[in-house]
Protein chains: 4
Amino acid sequence: MQETIARYRSVRARTAELAAPLSQEDCCVQSMPDASPVKWHLAHTTWFFETFILERREAGFRAFHPAFRVLFNSYYNGVGDKHPRPQRGLLTRPSLDEVLAYREQVDRRMLRLLEQRQDDGDLAALVETGLQHEQQHQELILTDVKHLLSMNPLLPAYSTNAMTPAPPAQPLAWQEYDATLAAIGHEGDAFCFDNELPRHRQFLEPFAIASRLVSNAEFLAFVEAGGYREPSLWLSEGWDWARANGLHHPLYWRQEDGRWSEFTLHGEQPLDPHRPAAHLSFFEADAYARWAGARLPTEGEWELAAAGVRDHGRPALHPPGGGREGLSQCFGQVWQWTGSSYAAYPGYRPQEGALGEYNGKFMSNQYVLRGSSCATPEGHARITYRNFFPSGARWQFTGLRLARSLQKK
Amino acid sequence: MQETIARYRSVRARTAELAAPLSQEDCCVQSMPDASPVKWHLAHTTWFFETFILERREAGFRAFHPAFRVLFNSYYNGVGDKHPRPQRGLLTRPSLDEVLAYREQVDRRMLRLLEQRQDDGDLAALVETGLQHEQQHQELILTDVKHLLSMNPLLPAYSTNAMTPAPPAQPLAWQEYDATLAAIGHEGDAFCFDNELPRHRQFLEPFAIASRLVSNAEFLAFVEAGGYREPSLWLSEGWDWARANGLHHPLYWRQEDGRWSEFTLHGEQPLDPHRPAAHLSFFEADAYARWAGARLPTEGEWELAAAGVRDHGRPALHPPGGGREGLSQCFGQVWQWTGSSYAAYPGYRPQEGALGEYNGKFMSNQYVLRGSSCATPEGHARITYRNFFPSGARWQFTGLRLARSLQKK
Amino acid sequence: MQETIARYRSVRARTAELAAPLSQEDCCVQSMPDASPVKWHLAHTTWFFETFILERREAGFRAFHPAFRVLFNSYYNGVGDKHPRPQRGLLTRPSLDEVLAYREQVDRRMLRLLEQRQDDGDLAALVETGLQHEQQHQELILTDVKHLLSMNPLLPAYSTNAMTPAPPAQPLAWQEYDATLAAIGHEGDAFCFDNELPRHRQFLEPFAIASRLVSNAEFLAFVEAGGYREPSLWLSEGWDWARANGLHHPLYWRQEDGRWSEFTLHGEQPLDPHRPAAHLSFFEADAYARWAGARLPTEGEWELAAAGVRDHGRPALHPPGGGREGLSQCFGQVWQWTGSSYAAYPGYRPQEGALGEYNGKFMSNQYVLRGSSCATPEGHARITYRNFFPSGARWQFTGLRLARSLQKK
Amino acid sequence: MQETIARYRSVRARTAELAAPLSQEDCCVQSMPDASPVKWHLAHTTWFFETFILERREAGFRAFHPAFRVLFNSYYNGVGDKHPRPQRGLLTRPSLDEVLAYREQVDRRMLRLLEQRQDDGDLAALVETGLQHEQQHQELILTDVKHLLSMNPLLPAYSTNAMTPAPPAQPLAWQEYDATLAAIGHEGDAFCFDNELPRHRQFLEPFAIASRLVSNAEFLAFVEAGGYREPSLWLSEGWDWARANGLHHPLYWRQEDGRWSEFTLHGEQPLDPHRPAAHLSFFEADAYARWAGARLPTEGEWELAAAGVRDHGRPALHPPGGGREGLSQCFGQVWQWTGSSYAAYPGYRPQEGALGEYNGKFMSNQYVLRGSSCATPEGHARITYRNFFPSGARWQFTGLRLARSLQKK
C-alpha cells in the first residue's frame, strides 16, 4: 500500500502542476462541448475518488458538498444525475480556490483511509483505477486548454519555454509480417482497463507497417497536392465533413504569406517538417493513407508490430519527433488512428458496478487509436491500450502510421 | 467641462463598482450569445472612449493594445473587424486585471484630454454619449450576470444583502385620455439618442392606461388559469415560441411543493405578489394583456400618459414595487413592453459618422420598451427613451402596463 | 344571393383553372415549409367552406371525409387539430382526383344551400369571406408553384405562352404631401378583412412618394454598385440574413456570361429593365431605399397617396410594367413593402368566432405590403388592403416604391 | 449472353411491377433525406445502365436527355455533378411517364447492344452489376414507399391483399461453435460485390448463436419491461439518440387502448407476436441483446453459422415468420444487425473505375447487416452479402439474431 500511497501523492500533485500556469479564468471556460474546463477536470477527478472510494469505504462519510455529486459526475447514470456537459463552462462557482480546497480535503481523507487499510488489495486496485482515470484527464487538460487558447486571437502560450528542436525524421521503412494468429489484449496482473480484455486470438493476413509516423512535411505535400479538394481520396462521410467545415488543412495550421505555422502549447510556431503530423481526424488520416497508396493499420496489426517497442520518452507539450531505426515513434508522439472501429473483444465483460460505464457504453461509431502522445503522462501508456475518438475529432494529439496488405504467399 | 469631468469620473467608477462583488471567473464567462461577459463590458465601454474620442482627438494617439481594437468592437462595421459575438466568453486573456489596467490608462488619458479642452462643446457632447453608452452597459452587466448565475445549480447570489420588502401593490385604476394630437419625441438641448428624434406629431385615438404595472400576483393568476396552455391567448408566433421552448411561467420562476420562488440578484426568493412581474417577453406580455381583456399601450400613448411623472427612485437589484396614487411605476421598476415595433420617427436621421450605427440599424423586428428598470443607472432614464428588444427576450427586467382603446365619443 | 351564387361559381372555377396546366406531381409537392402544394390549396379552400359554412348551416351535415377535417385545417386552433405544415407535401393521398371530387361535392352542397337561403345576409357575408380567402390562395398557388418549378434544374415553365413585352418605364417623379390628419382604414359596407378596421386617424408629417415602382434596371444598378456587399446600407438583421443565405441579387435572378436573366412562370427570361423589380424581401427593399437616399413609405402614407388610383389591369403571370403619368403602378404589378410593422389599428377587434384567428394572431414581426400584384385575382385588391409577410420572405411578387420625409414648413 | 438478356428483361420488368400499384404522386414525393422517390429509383437505375454501359460501349451514343446525367446521378463524383439528395423529391419534372419512356428507350438500346455482343464477357459482367444494383433499389422502393405512406395520417396500404398469417415461432435454441479459423468472404466465379472480397481468414473464439430471430413478442416484452427507459441497457450514443427522438418502441409500432399494432405495406395490422421484430436500429438491437444477456454476432460468426442454410422463401411485403428447426430465418425475413462496423476486408481493393465508388467510400460509422429481408428480390441474397446502414437507421426491414461468447475450453 505504501507504493499506492506514493503514487497517489505523485499523480494527484501532477494534475495541480498542469493547472499551475493557468489563471482562474483560463481554468473556468469551456471552448466547445467536447472539451471541459480545467477546473472541471480538477474537480471531476476528485469526485471520482470521493464517489467510488470514500463514499463506499470511509466510516462516517460526508460529502464535501452535496451539489458536487451532480456537478462533477461526468456520465455515470448509475451514480445519479449529471450536470449537462455543454454547461460545464458556466460554473463560475465553485471557484477555482474552492475546487482546490475540495482536492485537498479529499486527498487528506484518501491518504488517511489508505494508511488504515494497508492490506486491502481491492482498495489498492480501485485507487489505481482512479489514478489511471486521473492521468487520462491530465492529457485532456492539455488538449482542452490548447483548444481554448487557440480560439483566442491573441494566441496565448501555455508555456513560454522554448520548444526543443526536432531531429530530422528517419527515412520511412516498411516492416513486413507474415500471416499469423496473434494474441491480442492485456496479459498479466498489472493494471489495464476492461476494454483491453480478454486476451484473445486474431488472425492477421500478411501486412506491412511503416517504421515511423507520417511527418508534417509529408502531410503538407498532401495539402499542397490538393488532397482536401479531391473527393476520390476521402470516405464519403469524410468528404461531407470536410466540406461542411470548410477544411483545407489540419487543425492549428495556418498559412500566411506562403509560410505555414502551427499553434502549439508554446504559442504559434513555424511548421516543423520533421515532427509527426498532429491533430488529424480519422477522416484526414484515412484520406492521407489512400493518397499514399496505403491504409490505416488495424489495431491487431499495430499491437503485433509494436510488441517489444519501448520508446516512450518524457512527456512534452508538443510531439518531439525523432526516433531510432526499426519500428519507432509508437509512444510519446501522437496517438495513431487505426482502421478498427471501437468494439468489444470476444468475451468482453464490463467491470462490475458503476465503473462498468467506464468503457463499454462508448463502443459505437468511434475508432481506436493506439500508442500514446507527448501529452500522455509518464507510466500511463501500454501496448494494449485502446484510446478511442469519433471520426471527426481533431483536438487530441492524433496522427497516423501507414500500413499495407501484402499478397498471401 | 468640469461638470463633464466629474460625471466621467463618477460613471466610470460606478461600472467598476458593479463588477466588484464578482470573481475573475464570474467576469469572464458568457452564458448565452445574447449576453456578454462582465469583463467584456468593462473593456468595450473603454474601447468606446478610446475609439471614438482618443483616436480622433488625442495628439500622438497610440492604442493601448492593437488587438483590443477588434476584440472589443461590438458591432461597428464602420470601425473595422469585430470578434464574433458568441465567442466573447472564450477570451480568458486579456485577464480581468489587464482590462482594469486598460480602463485606468484610458481614464487617465481621457481626463488629461478633457482638462486640455475646457471649451470644446463637441467633445463634451461625445463624452456624454460615451457615458450614456456606459450606463446602458451598466444595466447589461446586472442582467447578464443574473442570467449567468441563474444557470448555476448552486444559484449563487450577486449580493448577500437582504432585499427590502415591497409595500402592498396599489389598486389598479385606469387613466383615460381623449383623442389628441400628441407631440412625441425629445425636446430641448439635453442629451438624447438619435432615435428619440425628431419630435413630431402622432394622433392618438381615445385610450385608457393602467395606473400601475401588472404584479406578480396578477401574472401568477394567469399562469394558474392555464394561460400558457391556451393558444387563443397568444400571437401565433408567440405560441410556437412558448411551445418550442417548453415554457409554462416567466424566466427565473420556479415552483416546488406548491410554492413559487424567483431567482434574483439576491439569490432565490419567495415570489412576492406585490412586486411587478419581471423578465417577461413581448409574447408573454401580449398574451397576458389579451387574457386581461386589454392590450399593450403604443409608445405614443405611454409617452403622453407618463408626461410629468417623476418616480425614478434609487437603483436596486430587484423591482422594489410600491408607488403613489395616480399613474406610477413608470420608472425604476421594469421596462414596459409597448405594442410598437421599433421604427424610425418621421424625418429620423442617424447620427453622422460611425456612431450612426448606434441605433438605426436595429430598427426591424424588435419592440419598444418604455420607462426604465430597477437596474437602470441613476440619471439615465428619460420619458422619451426608447429601449428595444426582440419579442422573445426575457433576461432583461421587462414587464408590462395594460392599456385599452376607448370608443370615440 | 344570385350575385353571390354567380360569384361563388366563378371564383371556384378560377382556382381549378389555375391548377389545370399542372400535373398530379406538380400539384402534390411542397418545395419549402413556407409554401404549400397546389393540391393542398385546392383542398384547404374547400375545407374552409365545409367547416365554416356547411358544418354550421347544412341540415344533416356529414363531412366528405372525417380525416380531411385535420388534414386541410391550416392554422385554426379553435377548430381542432392540424396536420403539420412542413408535412403537407407528404400527402400523396388523397389523390388530386379525390381532391377535385371533394371540391365538386362541396360546391354542389354549397350551391344547394345558397339556393335555399336566398335572403340570408349573414350567409352571403360568410361566403364572401370564403371567396376572398380562396382568392388569396389563388395568388399563393402561383407563387408557390413558381418556387417549386424554380427548384427544378430543368426550369420548366408554368405557361408556354409568350410574355407580353413591357413598355418603357415612366421617368420617376416625386409626389409631395403636406402634413395632414389622414383617415386610414376601410369605410363603407363592401367587404374587407377585420385588420382593415376600424377606420381611424393618423397624423402624417410632410412626405414625398415615388410615382412608380423601382424597376429592374434601377435594382440592377444597386446590385452592380456592390449593394449586397456594403453593410452600411443594410439593417443589421438584414445584413446577417443576406450573409447567412449567401445572397448577391434578388430571388430568381441569374447571371451567366455577363447577362442577367430571371426565372418566371413563363420560364427563364432575359431580365427586362423596364419591369418593376420583384421577389425582394423587406431587407432588400429597405437596403435599396437607403442606397437611393430614400426610405419605404409607411402604410398610412401609401394609403393616402393611392387614394383615387385605379390602375389594376388584368392579372398576369409576371409584372407587366407600364403605367400612366402621376402616381401609378399601385396595383397589379408587385406588392409594395412599407416600413410599417403589421399591427392592430387602434380599436381593432378580431372577427367573432373561429375566424378571429384569420388575421389578428399574426400581428408580430411581419411588415405590411400594400397594393396588389400581377398574381392578385381580379376584383380582390383594395386600397385599404393589408398584406403582410416576414422580413425575409422573397417568394411573393414583392417590390418597392420609394418615399422621403420632407422638412416641416 | 442469352441468359443475361433474359435476366435483364426480367429484373427490369420487376422494378416496373413494384411501381405499378402507385400513383404518379406516390412515385414523386420524398419523405425524408434518407429515402428517395420511387420515380427517382426508376430513373437512377436506368441512368446506371446508360452511364456505365451505353455511354462507354454504344456506337454513336447520345444521352436520352442531357440533364438526366446530373439529375439521376446518386453519388458518383467520378462521373460528374449530382443533384442534391434532399431535393430529389422536388423533381415533378420529368414526369413519371417521361421516366418510364426513358426506361423503355434505354432498355431497347441495351437489348440491341447485348444482342450484338454475344461473346462479350466483360459486358455481361457489367450488366450483372447493373442488375444487382437494380435489385438493391427494388428493395429500397418498398422501404422508401413504406416510410412515405406511414407519414400519411390516412395510413394507406401499398397492397390491399390480405397478409398471410404467420406460423408460431419456433422455440429459441442456441447453436454452439468451437474456436475456429474461418474462411470468410466470397468464393468462386458467381457475382459478388467488391466488399465481399477477398476471401480471407478470421479467427473466431467460441460462441453460440440463436437458432432464430428475436420475435415481436420478445421485443414487446423488452418494451413493456421499460427497456427504453433504462440507460444501463444502451450504448451511450444510443441512449442519447433515443432520448433526442423521444422513442419508446420500434418504428411503425403504435399502441392504442392497450393494443399494439404495426404499420405494414398491407396497411396497419395488429402486432403479430410470432413474426420477427422489424425496423429496429442498431442501437435498439444492441440494447435488446444486452437486456437479454447476449450480444450481436460478428459478421464472421454469422457467416460461419449460416453456412449451408438455404431458407430464402419467396419475397413478401412483410416478414413471414416461420422456419424450420436448426438455424433458420437467415434469409427472407429481416436483415440482421451484426456488431461489426463496416470496414474493408484485409487486402480489399475497390472495383476499378467509377464503380470503385460503389462500396468502399461508405466504410465508416456504419454497421454490417447480414442475411436478407422479405423485400429482397429473388436471387439477390448471398451468404457473404454485406449490407450496411448507420446505427440510427430504422426504415429498412432490420431485426436481430442473438449471440453469446462461450468460455474457451
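## Briefing: chains, domains, a covered helix and a histidine

Turn chain A by 180° about an axis, with 0.0 Å of shift along that axis, and chain A superposes on chain D with an RMSD of 0.0 Å. One surface does the job for both of these copies, since 100% of the contact residues of chain A recur in chain D. Keep in mind that this is a predicted model. Below is a quick tour of how the chains pair up, how chain A splits into domains, and what goes on around one helix of chain C and one histidine of chain D.

**How the chains are arranged**

- Chain B can be laid over chain A in a similar exercise: the rotation is 180°, the shift along its axis is 0.0 Å, and the RMSD comes out at 0.0 Å.
- Those two copies are therefore related as by a two-fold rotation axis.
- If you want to find that axis from the chain B side, look for B:Glu25: its C-alpha is the one in chain B nearest the axis, 2.5 Å away.
- Here too the same surface serves both copies, with 100% of the contact residues of chain B turning up again in chain A.
- Chain A and chain C, on the other hand, have no contact joining them, and their closest C-alpha atoms are 14 Å apart.
- Chain B and chain D don't touch either, with 14 Å between their nearest C-alpha atoms.

**Two domains in chain A**

- The domain assignment cuts chain A into domain 1 (2-150) and domain 2 (174-405).
- Taken over C-alpha atoms, the centres of domain 1 of chain A and domain 2 of chain A sit 27 Å from each other.
- Domain 1 of chain A puts 29 residues into the contact, and domain 2 of chain A puts in 27 residues.
- Between them, domain 1 of chain A and domain 2 of chain A bury about 2,500 Å², and 63% of that is on carbon and sulfur atoms.
- What about charged pairs: how many salt bridges does the rule find across the interface of domain 1 of chain A and domain 2 of chain A? The count there is zero.
- Polar contacts do show up, with 16 residue pairs counted between domain 1 of chain A and domain 2 of chain A, both partners being at pLDDT 80 or more.
- On the side of domain 1 of chain A that touches domain 2 of chain A, helix 3 (38-57) and helix 6 (121-150) of chain A each supply at least two residues.
- Helix 6 of chain A gives the most to that side of domain 1, with 18 residues.

**Helix 9 of chain C**

- Helix 9 of chain C runs over residues 282-291 and is mostly covered, with eight of its 10 residues buried.
- Among the buried residues of this helix are C:Phe282, C:Phe283 and C:Tyr288, along with the acidic C:Glu284 and C:Asp286.
- The cover over the buried residues of helix 9 of chain C includes helix 7 (216-224) and helix 8 (236-244), plus strand 8 (335-341) and strand 9 (367-370), of chain C.
- After helix 9 of chain C comes C:Gly293, with a positive phi near 70°.

**A histidine in chain D**

- D:His137 belongs to helix 6 (residues 121-150) of chain D.
- Is D:His137 buried or exposed? Its relative accessibility is 10%, so D:His137 counts as buried, the cut-off being under 20%.
- The side chains of D:His137 and D:His44 are joined by a polar contact of 3.5 Å.
- Setting aside neighbours within four places in sequence, D:His137 is in contact with D:Trp40, D:His41, D:His44 and D:Thr45.

Conventions:
Residues are numbered from 1 along each chain as its sequence is written. Chains are lettered from A and ligands numbered from 1 in the order in which they are written. Side-chain values use heavy atoms; hydrogens and water are left out. Copies are superposed by least squares on the C-alpha atoms of residues with pLDDT of at least 70 in both. Contact means heavy atoms within 4.5 Å. Buried means under 20% relative accessible area, exposed over 50%, partly exposed in between (1.4 Å probe, protein chains only). Helices (H or I, at least four residues) and strands (E, at least two) are DSSP runs, numbered from the N terminus. Domain bounds come from an automatic or database domain assignment. Buried area is the accessible area (1.4 Å probe) that two parts lose on being put together, summed over both. A salt bridge is a side-chain nitrogen of Lys or Arg within 4 Å of a carboxyl oxygen of Asp or Glu. A polar contact is a pair of N or O atoms within 3.5 Å; within protein, one must be able to donate a hydrogen and the other to accept it, and residues adjacent in sequence count only if both atoms are side-chain atoms.
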